[in-house]
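Reader: Hello! I am new to this structure and would love a close look at one part, with a tour of what lies beyond.

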Amino acid sequence: MVTDIRFGTDGWRAIIAEDFTFSNVARCAQGLADFLKSRGTAGQGLVVGYDTRFLSRQFAERVAGVCAGNGVKVYLAREAAPTPVISFNVLEHQAGGAAILTASHNPAIWNGFKFKPEYAGSATQEITDQLEAAIASTGEVQIVSLEQARGQGLVVDIDPAPPYLKRIGELVDLPAIRDAGLRVLVDAMFGAGGGYLPALISGGSTTVEEMNGHPNPAFPGMEQPEPIAHNLALLIERIKAGGASVGLALDGDADRIGVVDERGRFITTLEVFSLLALYLLEHKAQRGPLVKGVTSSMMLNKLGSKFGVDVHEMRVGFKYIGPKMTQVDAVMGGEESGGFAFRGHIPERDGVLSGLYMLEYMAKTGETPAELVEHLFDQVGIHSYNRRDVLFDPQDRGRIEQRLRSEDLTELAGMPVRSSDEIDGRRLVFDDAWLISRFSGTEPLLRIYAEAAGPDKVEALLDAAAKYLGV
């Protein structure tokens with residue numbers, strides 16, 4: 001039985017040895033080669049990268065062998081590298097795109113196949129639809145050995161880091177960070193981002209200590225390599241013990257960031273997005289729209305009004321956010337998951353650059369993360385947020401969807417519903433709060449999100465939504 005390969009919000013992901021097999025990865029590569037030829041970009045070549053997951057390098061080599069077998073030149077990363085690093089190399093080599101073997105933040109038993117087109121951002125829905133069709137219609141897979149491909153000049157091994165690091169140095173005042181006397185703790189979560197932040201900001205009065213900087217495909221001590229509070233217990237514990245200025249955590253492929261303040265409090269992803277937007281608008285005096293996933297903070301809308309810039313709300317996923325950023329020349333784009341992109345770089349999430357902008361904010365203002373959050377709240381008011389991820393029986397999805405579409409909800413948790421929409425899932429808007437329920441595009445989860453003026457209201461909304469949906 002042939003596996004039906006579908007691309008979610010960011011690539012195709014599946015369980016290793018179940019659906020994520022060498023034969024299915026080869027099908028993806030053959031379909032991608034066919035797609036590049038139909039798009040007229042095959043002659044530009046393809047960058048191929050991978051993360052630190054089990055067999056990621058070997059899967060990437062299979063992709064390289066198939067693409068070379070189809071006459072597509074491959075720039076193959078010599079070692080595991082962050083997704084934004086590989087994406088940036090698309091521009092560096094003027095390639096037709098990149099294939100990246102990664103499941104990002106998913107649990108250890110998963111792997112994935114991402115495609116980044118020639119503009120170095122997430123593939124749009126139109127592109128993934130065409131790629132899925134090309135994969136589904138693949139005939140015999142054409143493949144050559146890497147030895148043969150290298151001999152023919154069809155596979156070129158590259159170090160993807162130097163051009164990326166050069167660009168980062170043009171965007172961020174690295175000397176200011178190095179000379180700020182910060183003590184930075186980094187949790188690389190055993191992923192592809194290990195070593196990047198220490199390499200960029202060491203060498204001055206600022207000190208950097210990295211945890212979990214070596215690859216381990218089992219991702220021990222965490223449910224999955226996602227930089228959210230319950231996966232960062234050790235980082236939080238160490239900061240609470242004293243002495244650190246800030247904690248930064250990268251997910252498995254380093255396109256997301258998690259931040260812990262000097263007191264050991266996890267700064268929510270909605271706060272981090274809003275902090276970085278405030279820094280760009282207020283301190284760097286940049287002007288231009290903000291592009292947010294619909295599950296991101298209403299603080300961004302308030303900042304947009306304060307600084308006179310438009311705020312565009314999109315469906316979850318950089319396949320929607322990235323193209324909109326390019327279209328409107330946005331200062332910044334991002335989503336609730338902790339993935340943020342910036343003008344002047346690639347239209348793609350970059351956890352390393354996000355962390356550096358946070359450090360630059362601290363270095364330029366002399367303020368701690370907790371003080372920066374207080375400053376943000378002075379501008380937009382206090383906001384609290386939480387998200388619950390609920391496993392559900394796939395056979396129950398239809399019933400849940402029917403409840404989501406129901407129009408009979410006029411109040412929830414004692415709060416009157418002022419409006420609703422279906423930009424992505426179902427959003428209910430209250431006087432100074434919102435709640436969204438939507439299915440994950442990468443995992444078998446129902447996600448329920450809420451933001452309000454205090455944590456009690458947030459939890460009340462989440463409880464009421466779970467009860468209403470019967471989950």
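Reader: Between which strand and which helix is Thr295 found?

Author: Happy to help! The model is predicted, so local features need pLDDT of at least 70 and side-chain atom pairs count only at pLDDT 80 or more, while totals for chains, interfaces and linings use all residues. Residues are numbered from 1 along each chain as its sequence is written, and side-chain values use heavy atoms, with hydrogens and water left out.

Thr295 is in the loop that runs between strand E12 (290–293) and helix H11 (299–307). Helices (H or I, at least four residues) and strands (E, at least two) are DSSP runs, numbered from the N terminus. Thr295 counts as buried because its relative accessibility is 1%; buried means under 20% relative accessible area, exposed over 50%, and partly exposed in between (1.4 Å probe, protein chains only). Setting aside neighbours within four places in sequence, Thr295 is in contact with Leu270, Val316, Glu336, Trp434, Ile436, Arg438 and Tyr449, where contact means heavy atoms within 4.5 Å.

From E12 we can step to helix H12 (residues 318–328). The buried residues of H12 pack against E12, helix H4 (125–136), and strands E13 (311–314), E14 (332–334) and E15 (340–342). Among those buried in H12 are Phe318, Tyr320 and Met325. Asp329 follows H12, with a positive phi near 55°.

Met325 is also one of the residues touched by Met332, along with others including Phe273, Leu290 and Phe342. In the largest nonpolar core, which has 108 residues, Met332, Leu356 and Leu359 touch the most other members. Such a core is a set of buried Ala, Val, Leu, Ile, Met, Phe, Trp, Tyr and Cys residues joined through side-chain atoms within 4.5 Å. Helix H10 (residues 269–283) gives the most to this core, with nine residues. A second, separate core holds 25 residues, including Val417, Ala433, Ala452 and Ala464.

Now to a sheet. Six strands make an open, mixed sheet in the order E1-E5-E4-E2-E3-E6. E1 (12–15) and E6 (155–158) are at the edges with a single partner strand each, so one side of each has no neighbour in the sheet. Two strands pair if DSSP finds at least two bridges between them. E4 (residues 97–101) pairs with E5 (residues 110–117) in the antiparallel sense over five bridges; Ile100 stands opposite Lys114 in E5, and the bridge partner of Gly97 there is Pro117. E2 and E4 run parallel, joined by four bridges, with Tyr50 opposite Leu101. Both faces of E4 are covered: Gly97, Ala99 and Leu101 are buried on one side, Ala98 and Ile100 on the other.

One last stop is a pair of helices. H3 (residues 83–92) and H6 (residues 161–171) pack at about 90°, with axes 9 Å apart. Axes are lines fitted to C-alpha atoms, for helices over the stretch in contact, and angles run from 0 to 180 degrees between N-to-C directions. H3 and H6 are therefore roughly perpendicular: angles under 35 degrees count as roughly parallel, over 145 as roughly antiparallel, 65 to 115 as roughly perpendicular and the rest as oblique. Residues making the contact include Phe88 of H3 and Tyr164 of H6.
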